[in-house]
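User: Please go through this model with me as a series of short questions and answers.

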Amino acid sequence: MPMRSRFRLWLKKRGGRRTGTQRAALSGELLYHSVFVVVGAVALWLHVANVLLPSARSREDTASFREAQCEIVSRRIDIQRVYTGYRFSLSEGRVVRESHLEYRPECHVQLLVDERPAPPVWAPAGGLTPSERAAESALARFQAGQTYQCWVDLDDPQQIVLARPRLWWPWLVTLIPLSLIVLGVVGGARSVLRVGVSRERRQSVAQRARGWESLLTPTSPTAGAALPDLGAVIDSPGVRLPYRLPTVGDSPWRVAGMAAICVAWNLLVGFFLIGLVMDHLSGEPNWTLTVVVAPLALTGVYLAAALVRDARTATGVGVTHVEVSDHPLLPGRTYRGVVIQAGQFLARSLTVSLVCEEEATYLQGTNTRTSTELVYRDAVLRERRLEVTAGKACEEEFSFTIPAGAMHSFSSPHNEVRWALEVRGTPVRWPEFRRRFMMCVYPTALSVVPHTSQHTEGAAS
Amino acid sequence: MKPQRVEPDVTIRFAQGRRTYAPGEGVAAEIRVANWRAIDCRRAEASVVWHTAGKGDEDLHVHELRALPVSGADAVDLSSPYRLEATLPECPLSYDGVIVKVCWCVRLRLLLPGYRSVAFEAPFRLGEAWSPSPPAEEEHAPA
C-alpha cells in the first residue's frame with residue numbers, strides 16, 4: 001500500500017464502520033433515547049404538579065363566585081415560608097429542612113353590599129409566587145381608594161378574590177417536556193426497527209414510498225432509473241436546433257455572490273484600517289493590530305481583483321449558447337450541434353469539447369466533500385482567430401459522436417456520471433473562459449423514445 | 001465455555017454459469033447455505049440490487065427483494081438450492097469508472113442471533129459500458 005504523500009494529523013473518520021457489536025450499539029442508542037424520555041417525564045410531572053394543577057384548582061374553587069364591586073383600602077405583600085424537602089448540610093453535619101420564601105399580593109378590600117359597605121377583608125390579588133417582583137407587579141394594578149371588580153363566594157362573603165387569571169402559557173410550556181418524550185420514544189423505536197430491518201428492506205420501502213409520491217406529483221419517467229431529469233433541456237427550445245442545453249455552474253449569481261462577499265469583507269477590513277491609520281497619524285501606532293489586519297487587507301485586494309476579472313469575463317465576453325439536434329443522446333450515434341457566442345471581442349481560439357466526468361460525494365466526519373474526475377474528452381470543434389461583433393452573434397456548427405458502448409448519464413444521491421459540451425475560449429483582451437453545457441446520454445436499450453428533431457430549423461442569420 | 005459461533009457457508013451460483021446479462025434479460029441464481037440447519041437464522045432475505053462503489057458514499061437500489069420465511073409451515077430450507085429469478089431493467093448499466101463504480105449483484109442477507117446481520121453477494125454485469133480511458137484531444141474537422 002503506497003504511503004500518503006502528505007501526512008494529515010487530524011483526519012476525520014470516513015464510512016459507516018462500527019466499533020463493537022450490534023447489541024452494544026443498540027444498548028447505547030436505547031440508553032441515549034431513554035434519557036430523553038426520563039427527563040421529559042420528570043419535567044412533565046413537575047410542571048403538572050406545580051403549575052397546571054394549582055391553576056386548575058384555583059379556577060375550580062372560584063368557579064361559583066359571583067361578580068361584585070369593592071373598594072381598595074390598602075395593599076400588602078404577604079410573605080410565606082414554603083418547605084420543599086430535606087437535605088444534608090455539610091457545614092452543620094445534619095439533615096436540615098429546605099425552604100424558601102414565596103410572596104402573595106393582597107389588598108384590604110371593602111365590599112359594597114346593598115349600597116352599604118361591609119367590613120373590609122384581605123383578598124388575594126394574585127397567586128403565591130417565588131418572585132417578589134412578580135408579586136409587586138400584580139399588586140401595582142390596584143390602587144388604594146379605587147373601585148375594582150371582584151368575585152365573592154356566595155356561601156362565605158368573607159372569601160373574595162380580585163383576580164381570576166386565565167393563564168395560557170403553562171399549556172404552551174407543556175410542549176417542552178412532551179417533545180422530549182416524543183423524541184426519546186421515536187428515536188428508541190427507530191433504533192429497534194433499524195436493527196430488526198435490513199438495509200435492503202429499508203431501501204425497498206423508501207423506493208415504494210417514492211413511487212406513491214410520484215402518483216401524486218408528476219415526475220420524470222426515468223426518476224427511478226438513476227438517469228438525470230430531462231426537464232431542464234426539453235423545456236428549453238433552441239433557435240437554430242431543437243434543444244438548447246442548460247449551462248452548468250457558471251451563472252450571473254456567481255458574480256453577484258462574489259461581489260457580496262467582496263464588499264462585506266472590504267467594508268469590515270476598511271473599518272479596522274481607518275482606526276489603524278488614525279492611530280499611526282496620531283503617533284500611537286498599534287503594531288499588533290497592524291500585523292493582524294495586513295493579511296486581511298491583502299485578501300480584500302485579491303478578492304476585489306478576482307471580482308473584477310470575473311465581472312469582465314461575464315460582461316465583456318458575452319453569453320454563450322449551445323444547441324443540439326436531438327435529446328437525449330444515445331451511444332454510438334452522431335449528432336449536430338451549434339455554438340452561438342455573443343459579445344464583442346477577438347478570440348485567439350474557440351474550442352468545443354465533448355467531456356464526460358465522474359463526481360463522487362462523501363462524508364468525512366461532519367464534512368461533506370466532493371471529488372470530480374474527468375474521464376473522457378474529445379475536441380469536436382476548434383476555430384482559430386474568431387471575431388465576435390456586437391449585434392451579430394457568432395455561430396459555429398459542429399458534429400459530435402457519443403462513443404459506442406459509453407456509459408450513460410448516471411445520477412444517484414452521492415455519485416454521478418455526466419456528459420457535457422465544454423466551450424473554451426481564449427479572447428485577446430479578456431481572460432480565458434470555460435463554460436459547460438449539460439446533456440443526457442441514455443442507454444441504448446432504453447425503451448423511452450428520444451426526442452428527435454421534428455421542427456424546421458430557424459432561418460439562418 | 002462460550003459456544004462457538006457458526007458462520008454460514010453460502011454459495012450463490014448463476015444459471016448456466018453466466019455472469020453477464022443484457023438489459024431487459026432475466027437473471028437466475030441458485031442460493032444455498034450448506035450448514036443451514038447448524039446456524040440459528042432469525043430472518044433471511046434474497047435480493048437483486050445495484051450499488052455504487054469508489055470514492056463516494058455508497059448508494060443502494062433494490063431491484064428485487066424476497067423475504068424467505070425461516071419458520072412456520074412455509075419455512076424455506078436453504079440447505080437445498082433456492083432459485084431467485086428477476087427481470088433486469090435497462091439501466092443503470094454496470095460501470096467500472098475511476099472514482100464511481102456501479103455494481104450489480106445477487107445478495108443474501110441473514111439475521112443471526114445477537115442482532116448480527118451478515119450479507120453474502122455474487123456480482124454480475126449488466127450491459128457492456130466501457131471503462132474510461134485517459135482523456136485525449138482528437139483533431140476533428142469542423143462541420
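User: How many bridges join strand 3 of chain B to strand 6 of chain B?

Analyst: This is a predicted model, in which local features need pLDDT of at least 70, side-chain atom pairs count only at pLDDT 80 or more, and totals for chains, interfaces and linings use all residues. Residues are numbered from 1 along each chain as its sequence is written, chains are lettered from A and ligands numbered from 1 in the order in which they are written, and side-chain values use heavy atoms, with hydrogens and water left out. Strands here are DSSP runs of E with at least two residues, helices are runs of H or I with at least four, and both are numbered from the N terminus. Strand 3 (residues 26-33) of chain B runs antiparallel to strand 6 of chain B, and the bridges between them number six.

User: Which residue in strand 6 of chain B is the bridge partner of B:A29?

Analyst: Strands pair if DSSP finds at least two bridges between them. B:G26 stands opposite B:T87 in strand 6 of chain B. For B:A29, the bridge partner in strand 6 of chain B is B:L84.

User: Which residues make up the covered face of strand 6 of chain B?

Analyst: The uncovered face holds B:R83, B:E85 and B:T87. The covered face of strand 6 of chain B consists of B:Y82, B:L84 and B:A86.

User: Which are the edge strands of the open sheet with the order 1-3-6 in chain B?

Analyst: This open sheet of three strands in chain B has antiparallel pairing. Its twist averages 25° from one strand to the next (axes are lines fitted to C-alpha atoms, for helices over the stretch in contact, and angles run from 0 to 180 degrees between N-to-C directions). An edge strand pairs on one side only, which in chain B applies to strand 1 (10-14) and strand 6 (82-87).

User: What share of the residues in chain B is buried?

Analyst: Chain B has zero helices and nine strands. Buried means under 20% relative accessible area, exposed over 50%, and partly exposed in between, with a 1.4 Å probe and protein chains only. Of the 143 residues in chain B, the buried share is 44%.

User: Is the pair of A:F410 and B:W50 stacked, tilted or edge-to-face?

Analyst: Rings of Phe, Tyr and Trp (its six-membered ring) pair if their centres lie within 6.5 Å; planes under 30 degrees apart count as stacked, over 60 as edge-to-face and the rest as tilted. The structure holds 13 aromatic pairs over all chains. A:Y376 and A:W419 have ring centres 5.7 Å apart and planes at 55°, so this pair is tilted. For A:F410 and B:W50 the centres are 5.5 Å apart and the planes at 70°, so the pair is edge-to-face.

User: Where in chain B does the pair that crosses between chains end?

Analyst: A:F410 and B:W50 are both buried. The pair runs from A:F410 in strand 14 (residues 410-411) of chain A to B:W50 in strand 4 (residues 43-54) of chain B.

User: Which residue is joined to B:C91 by a cis peptide bond?

Analyst: Most peptide bonds are trans. The bond that follows B:C91 is cis, with omega near 0°. The residue after that bond lies in the loop between strand 6 and strand 7 (95-96) of chain B: B:P92.

User: What is the phi of B:Q16?

Analyst: Most residues other than glycine have a negative phi. B:Q16 lies in the loop between strand 1 and strand 2 (20-21) of chain B, and is exposed with a relative accessible area of 75%. Although B:Q16 is not a glycine, its phi is positive, at about 60°.
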